[in-house]
Amino acid sequence: MNGYPRLFRSQVVLLSAVAVPLAIAEDSLVRLILVVGAIGAAVLSYVWRNKPALAIPLGRILVLAAFGWLIVEYVWLDEIPVVALSHFMISFCLVKLLQFQTDRERAQSLVVCFLLLVVAAIVSGDILFFLVLVLYLTVGLRALISLHLAVERGRVDHYNRRVSPFMAALLPGGTRELGKRPAMDFTFAGAMTAIVIGAAIFVLSPRAGVGMLGHLDARDGAISVTGLGSSLSFDRISRIQTSDQEVGSVRLKDENHQEYSCPEPGPYLRGLVYDQYSGSSAGRRSGWEWRKTGDRTAPMREQHCSLVAGSASLLSPADIEDASRVVQEFRMRSSDLHVLLAMYPAIEVRSDDFESLRKNNDDQVLWLHGRLRPSIRYEIVSLAGVPEEIAAVLAKKRGRSEPIVQLPDPPLPREDRVRELVAKLSADTKMPVAVDDARWRRAYAEQICKYLGSSEFAYTLERPPPAGRREPLSAFLLDHKRGHCEYFAAAMALLCQYRGIPARVVTGYRGGDYNSLGHYYVIRQKHAHSWVEVYIPRSDWVQFDPTPAANQVDRAARPWLAGLASWRDYLQFEWANLVVSYDASTRTQLFRGFADWLRRPVGDHKNIIESVGAFIRELFWWRAELGLYNRLLYWFFAIMVLVMVVLLGYVFGVLGLWAGRYGWARHLARAQEDAVLGDAEFYRRFRRRLRSLGLRRPADQTPAEFAAELARRYPSLSDAPSVVRAYYRVAFGRGGLLPSEKAHIEAFLQRLRTLDPAQLAATS
Amino acid sequence: MPASGIQGPGVAGKPSTSSVSAGAAAAETTRFPRSRWALLRSLKITFAGLLALIVVILIGLAALNSEANLLFLLFSLSVGLVVFGAVVPLFMIRWIEVERVISRAAVAGRVLPVSYVVRNHGRWGAAWGLVIEETAAASFLHLPRGFVQELPAGGHERVELLAHCPRRGRYPLKGVRARSSFPLGLFSCEVVFPAEAEIVVYPALGSLRGNPWRDQRWADAQTSRQRRAGLAAEELDGLREYRDGDPLRLIHWRRSAHAGDLVVRDSPPAQPTQLILLLDPWPDSDFGGEGKPDRRRKRKASPVDPEQQDREVELIISAAATAACDALERGHRVGLIARGQVPVIIPPGSGRVQRQRVLHELTMLRAGSPEMLDELVSRIRWSSGWHARCLLCVSELNDQHRRLARFLSRRAEMVSMVAPGTAWFDSVFIPAPPIAPEASSERRGP
């Protein structure tokens, strides 16, 4: 251990780089403390005590215990296999770090550290992975190179001790680590080689298809959001609302591809919709919950859309002419429910990551089929507002002008009191119903929002008092009046329904962390939200958010961290877009962009020679449009191309030279042989054919003896002696062959050519 | 007194330098850098490389299956590292040359120094992690491996190693291999330098207590031999005039009186004594009749341990070699009759050449002769007769050996039996002890 201080440091750095972020990502304080504590103990023991911190027998017990825990996690705790394996590997590395390590153990722990990278790659998409990769390509590579030398020397010493007892005195007392300069040189060379080859393979390798070898999903269960489930139950409050875990990102543009300025708090991205409040007292789904009655609708209210060339229209273009649009570019982690988030109403979908989707005409929810990649990209075009004519179109698609009001089923236990509240709120609108139903409904909805936003009600993420057998929404409205967004939205929808106004609860994401560098919103779990859509004639479904503004407090980082957080988000966004979500379309875009960039100096020249000439001219002459940065890039590109051409030329030249030399040598040998054989070249063919049949003349036999033996053993080679005799006559007797003899020999050689070893053996 | 004989490398001549085919002996064929194609063919994947490749392939498959781009990224970076691990040793090993420096002769059980001179002919770029080893492992001769951690461009390093061969014999060496799997140990590239050589390992040489050749009986025997030759103790070969400085005791007073001048005895040159070693190291497999085992010796119960038997054989050969070397060093003449696959008969001789010859034959001695030792001896007709001391060295005394001893005792001056358990073996012969190693290592840069 003490002979390799640099190696020890490398191990500490690598292990910390992977184990600590993994422990943080799992939100496990215990694991984090264990990891940090063990690493700290190892470092202190190495620096101060100069002795291992853990005895070998105890280390073995700990490794066995870690293995046992792996089995427990996998079998009983249903932990994701890859994550459970990572726990074991980290425990293994920590134990090795705490012990007195032999070269072999150091190598083992370094290799396991590298395997942890695989785990990180599977479970993480964070930009931290990139930083860990850089660390491994520098520190890790250097450690591996040093270790290799030590291991190799150890092997040689061990061998020498075994074969010669005199060598023990010669073996060096200490060890010699790799020098600093050569270590840096080799590490740099190795890292550069890995990056260049790695980048080429990464960019060019095909993305064949999802799951062709079977299901390999390490993230089952890792994603779940508030409300994006088959029902909205108040018994299961998610704690994800406070999590900063990224769900995806969205960039908003208008129809002119300019940035779309969305009013605070940001875009409302719809996920699922629930339109009936119902209760059940039996079975797994006992309790009260909001459900989507769309499951019971007739299939004709669903529209199946196939993407053609990556695009599908959800409404006829003629219906939506002249309406202003919002283009949303999403990059999302695919959830188990395969719901596409979108602003309401979505009119077009574009994506290369899926080929078809279903759209429910009642609630406009977009569903996907089949297995998706872990990260999907798509574009949604939505209308910015719903003009009256489009409302009519949507109503027509729905198949009815007014949606059905879905009252709670069964009726609420305290329905009379809820109806009293409804009456009170109606009276508070101070607007007669008969004046204008649409205006009245809007006023009523606003009144509800005002009521729920008053000081009577309080927003909280804490669980409300246990409902017991009480119906939770009534309890919220009439008793405790405290809850989170789902309560507020559900209560408003209920109050609207009791007034005869169609209303539904919508779950999804609201807003996001806006990144001014990349002009996009980062959607996190904490942005999950519920709101209400109320049907207002001539306006279709209108969005209302009854949740008090208090929960809209920006939970952004402290101001002095905001800039850093913004940069970090931006890097994470670009990392996710360029690397994590890299696919065939990205590659096409990349090449297209590169080709466009390359063509800029060339101008309009079509001919390749003129283009190259124009490019070279632009390198040497100043063109005002090309700034210094671009010019330098072009120069760099030109030099790289030149180097590649020279290298390829060199390689092909050497190969050509080899081939030429080999071919010339064969030609010379053949010519020499021909000069010797002269007219007896048939003998060369005869020999070659015999060789291919596995028959070679032994050194102690003359050709005639060999031919005689062949004729004796193989009846099909009975003419062999005559061929040899003819050869003797031609080569040594300077005689010629008669045409009949030539024909006879050719016929024999022809027969020989069609013979194969199996036939020959059969006739022997 | 330590047994003489091979003191170390160089006794048999200059240490042999087994150069590479591109070395000095064949400079016209030296070509650097080596052929890329040949090096490419010598590129091998190590076990660690195989594991790494499997893991990389699995990551690639997982990436293809799950379309996880980060796994793609990891896969592609890993492929880059694997390529890096394959290319570096190829470039490094191209410029390496290795030369072996080793003695042609060695003694069993003693240290055998081996040096490898490693040169880096490259103009830039050091070579790292070079392992130097022999290509073919000869039985009982395992030469250690050399390791060069760093060899700068244009530099050379001499790696000194100490080999050990426990057994006598002739060991051919085929060539030297230099390989490297730097930097990641995933691939190994090697280059082989044909460097044929042969090392002859002589039997282990022990020592003898005292001077066993000064035995009184042998001196008496020598005297009686001289008497039989008609030489009285007083009768000398010649007289000469007294010279200043001659010891007074040499003055022959009677002759001086007759001659009227001082005359001294001129002592004849001492007749060299002869020692004939008769060696039958392998126990007779035929236990009927002639080859019955010695009942007086406590033999191990059957089955016979082959390793123990082998050790005894080597010990007896070592004893014979020790005796021969000691006698030759003291100026005696030594001959050898040995029973082996090829029977050995060396007439008595002296000097360095005789020592080489005797040791060489003892080195090459192998079992498998159908002819018994007494039959071999009976065919010999020495011109000078058996005027020698005979040392009958056997690993297992039997009746045949005793008969032979009786035969020799009628013809030779003295016969001694040397076998494990005899007085000569136990009290005179000291087997070769192990020797502490010593060596050095030096390095020069460009």
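User: How does Arg685(A) count by relative accessibility: buried, partly exposed or exposed?
Analyst: The model is predicted. Arg685(A) has 28% relative accessibility. Buried requires under 20% and exposed over 50%, so Arg685(A) counts as partly exposed.

User: Which residue forms a salt bridge with Arg685(A)?
Analyst: The partner lies in helix α17 (residues 681-692) of chain A, as Arg685(A) does, four residues apart, about one turn of the helix. The partner counts as partly exposed, at 29% relative accessibility. The closest N and O atoms are 3.1 Å apart, and the residue is Glu681(A).

User: How many salt bridges does a search of the whole structure find?
Analyst: The search covers all chains. The bridge between Glu681(A) and Arg685(A) is one of them. The number found over all chains is 36.

User: What is the N to O distance in the salt bridge of Lys44(B) and Glu190(B)?
Analyst: The side chains of these two residues meet in the bridge. Lys44(B) is in strand β2 (residues 44-45) and Glu190(B) in strand β10 (residues 187-202) of chain B, 146 residues apart, so that distant parts of the chain are linked. The N to O distance is 3.0 Å.

User: Which of Lys44(B) and Glu190(B) is buried?
Analyst: Buried means under 20% relative accessible area. Lys44(B) is at 44% and counts as partly exposed. The value of 15% belongs to the buried residue, Glu190(B).

User: How does Asp326(B) count by accessibility: buried or exposed?
Analyst: Asp326(B) forms a salt bridge with Arg330(B), with the closest N and O atoms 2.9 Å apart. Arg330(B) has a relative accessible area of 30% and is partly exposed. Asp326(B) has 6% relative accessibility, so this residue counts as buried.

User: Which residues of chain A belong to the network of salt bridges that share partners?
Analyst: The network includes Lys44(B) and Glu190(B). From chain B it also holds Glu133(B), Arg145(B), Arg177(B) and Arg179(B). The members from chain A are Glu152(A) and Arg155(A).

User: How many aromatic pairs does the structure hold?
Analyst: The count is taken over all chains. It comes to 23.

User: What is the geometry of the aromatic pair Phe186(A) and Phe182(B)?
Analyst: Phe186(A) lies in helix α7 (residues 180-204) of chain A and Phe182(B) in the loop between β9 (169-180) and β10 of chain B, so the pair joins two chains. Phe186(A) is buried at 15% relative accessibility, and Phe182(B) is buried at 0%. The centres are 4.7 Å apart and the planes are at 80°. Planes over 60 degrees apart count as edge-to-face, so the geometry is edge-to-face.

User: What is the geometry of the pair Phe457(A) and Phe476(A): stacked, tilted or edge-to-face?
Analyst: The ring centres are 5.3 Å apart and the planes are at 50°. Stacked needs an angle under 30 degrees and edge-to-face one over 60, so the pair is tilted.

User: Where does Phe457(A) lie?
Analyst: Phe457(A) and Phe476(A) are both buried. They are 19 residues apart and link distant parts of the chain, with Phe476(A) in helix α11 (residues 472-480). Phe457(A) lies in the loop between α10 (437-452) and β14 (458-459) of chain A.

User: Which Tyr residues are in one aromatic cluster with Phe457(A)?
Analyst: The cluster contains Phe457(A), Phe476(A) and Phe488(A). Its Tyr members are Tyr451(A), Tyr459(A) and Tyr487(A).

User: The charged end of Arg145(B) sits over the ring of which residue?
Analyst: Arg145(B) also belongs to the salt bridge network. Its charged end is 3.8 Å from the ring centre of Tyr159(A).

How values were computed: Residues numbered from 1 in each chain as written. Chains lettered and ligands numbered in written order. Predicted model: local features only at pLDDT ≥ 70, side-chain atom pairs only at ≥ 80, totals over all residues. Heavy atoms only, no water. Salt bridge = Lys/Arg side-chain N within 4 Å of Asp/Glu carboxyl O. Buried < 20%, exposed > 50% of the residue type's maximum accessible area, 1.4 Å probe, protein only. Phe/Tyr/Trp six-rings, centres within 6.5 Å; stacked < 30°, edge-to-face > 60°. Lys NZ or Arg CZ within 6 Å of the ring centre and 35° of its normal.
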